[in-house]
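Student: Please pick one part of this structure and look at it closely. Then connect it to other parts, step by step.

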Amino acid sequence: MITEAHTGTSTGDPRPSLLIDLATGLWKTQTLTAAIETGVFETLAAGAASAPQLAVKLGIGERPAEILLTACTALGLLEQQDGRYCNTAVSDHYLVPGRPDYFGGYVQMVAQYTAPGWLRATEAVRSDAPTKPVPDPDRNMFEEGNRPESFWDALFAFSTLTARQMAGAVDLSGVRRIMDVGGGAGATLIELCRQHPHLSGTVVDLPHVCALAQERIDAAGMTGRIDTAAADFFADPLPSGHDAILLSMILHDWDENQNRQILASCLDALPSGGTLLISELLVDDDKSGPVDAALMSMNMLVGTWGRNYTGAEYAGWLREAGCDRVRTVRFDSPGANGVVRGEKA
Ligand SMILES: C[S@@+](CC[C@H](N)C(=O)[O-])C[C@H]1O[C@@H](n2cnc3c(N)ncnc32)[C@H](O)[C@@H]1O
């Protein structure tokens, strides 16, 4: 039988499936979050189970277990055979706690930390001000106490995936020492150094973040090769001694004047001929997408005073700040679709 679902609406109107999908996006996010938080993937990593068996193991009722497992299966997170459920390849790789690419912390960070601001997105659009609650809005939103420390843990998983792609796409053969300004817990620099054995460098961030980075650097066996330097990029001079500087997901946090200030400070710390790299989800120059960059920009609207800028905007600022040979290298990753790079004239 041919149904309406296959042919479009019987009235000839546009199909509403796009709107239904957008209206219920939160249902998918929260299904994933509930499965992570109740331990579904961790438990199934130990062996396939039926809904009643899993209900016992998770300490939840059979009704919610069956509903949750059905939803996870429909979303591609689980597979079901003969009434027993097991993880799909993606869940097994990314959603089992303790595995190297564990991504559940990022999912929880989005659900717990960014969601309250997103639920007031209309207000952010109307007021042109962030709606994500911050304990002390008069201080930098990244300062200690203004953001949960779990943010940097969550971002580590996300940015490792980004850096894996960046490391293969961006030519770093002429770089010896690289400074990752606002480098967070060090995910990007650790991954770049892993893939480029000739590289060493410095993670620069606020003092409490440098402490987190040092732990990660030590755990990655990069002690000595990667060091940390505490600095506020709006107030302190950046350390010298590097022939490249990376700004990964930094400029989207700030407004245009603040970005010019950050870029000027970076160029002050670079020797002539040194490379400045801006890694971001770049918005298309005609501002029509792509969707991941456009939605990251919405995420900046609800959480910061910045936005995701276009490749042309970043390139313009680099030239204005005193760079030449400005060009963009494209790649595909969760946190960046390209790097805009220039050389200090
Ligand atoms: C969105 S995170 C990006 C982290 C990292 N670059 C990455 O790609 O995962 C922004 C980073 O900038 C740092 N940051 C914010 N304000 C700063 C400041 N004034 N001086 C130095 N670092 C700062 C934050 O602590 C945070 O680690």
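Tutor: Start at one pairing: Ala49 stands opposite Tyr85 in S3. The model is predicted, so local features need pLDDT of at least 70 and side-chain atom pairs count only at pLDDT 80 or more, while totals for chains, interfaces and linings use all residues. Residues are numbered from 1 along each chain as its sequence is written. Helices (H or I, at least four residues) and strands (E, at least two) are DSSP runs, numbered from the N terminus.

Tyr85 has another partner: Gln80 also stands opposite Tyr85 in S3. The sheet here is open, with 3 strands in the order S1-S3-S2 and antiparallel pairing. Its edge strands are S1 (49-50) and S2 (78-81), each pairing on one side only. Two strands pair if DSSP finds at least two bridges between them. S1 and S3 are joined antiparallel by 2 bridges. S2 and S3 (residues 84-87) have 4 bridges, again antiparallel. One of the partnerships is Gln81 with Arg84 in S3.

Now the turn. S2 and S3 make a hairpin with 2 residues between them. Asp82 sits in that loop between S2 and S3. Its phi is positive, about 50°, although Asp82 is not a glycine. Asp82 counts as exposed because it has 6 C-beta neighbours inside 10 Å. The scale, with C-beta atoms placed from the backbone, is this: buried means 20 or more other C-beta atoms within 10 Å of a residue's own, exposed means 12 or fewer, and partly exposed lies in between.

Asp128 offers a second positive phi in a residue other than glycine, near 55°. Asp128 is in the loop between helix H9 (121-127) and H10. Asp128 is exposed, with 8 other C-beta atoms within 10 Å.

H10 itself comes next. Ala154 lies in helix H10. Ala154 is buried, with 22 other C-beta atoms within 10 Å. Leaving aside neighbours within four places in sequence, Ala154 is in contact (C-beta atoms, placed from the backbone, within 7 Å) with Gly105, Tyr106 and Met109. Thr33 is 121 residues from Ala154 along the chain, and their C-alpha atoms are separated by 14 Å.

H10 also leads to the ligand. Helix H10 (150-169) and helix H11 (187-195) each supply at least two residues of the shell around the ligand. A residue is near a molecule if its C-beta atom, placed from the backbone, lies within 6 Å of it. Of the 19 residues around the ligand, those that come nearest are Phe142, Ser159, Gly182, Gly184 and Ser248. The shell has 9 nonpolar, 7 polar and 3 charged residues. Here Ala, Val, Leu, Ile, Met, Phe, Trp, Tyr, Cys and Pro count as nonpolar, Asp, Glu, Lys and Arg as charged, and the others, Gly among them, as polar.

Follow Ser248 into a pairing. Its bridge partner in S8 is Ser279. S7 and S8 run parallel and are joined by 5 bridges. S8 is mostly covered, with 6 of its 6 residues buried. Both faces are covered: Thr275, Leu277 and Ser279 are buried on one side, and Leu276, Ile278 and Glu280 on the other. Beyond S8, the loop to helix H14 (291-303) holds Pro290. Gly289 and Pro290 are joined by a cis peptide bond, with omega about -10°.

Helix H13 packs here too. H13 (residues 256-269) has 14 residues and reaches 20 Å from first C-alpha to last, close to the 20 Å expected at 1.5 Å a residue (1.5 Å times one less than the number of residues). Asn259, Ile262, Leu263, Cys266, Leu267 and Ala269 of H13 are buried. Seen down the axis of H13, these buried residues fall within an arc of 160°, so they line one face of the helix. The arc is that of the directions from the helix axis to the C-beta atoms. The buried residues of H13 pack against S4 (177-181), S7 (244-248), S8 (275-280), H15 (311-321) and S10 (338-344).

End with H15, where Ala321 is found. Ala321 counts as buried because it has 20 C-beta neighbours inside 10 Å. Not counting residues up to four places away in sequence, Ala321 touches Arg260, Leu263, Ala264 and Leu267. Asp21 is 300 residues from Ala321 in sequence and 43 Å away in space, C-alpha to C-alpha.

How values were computed. Two residues are in contact if their C-beta atoms, placed from the backbone, lie within 7 Å.
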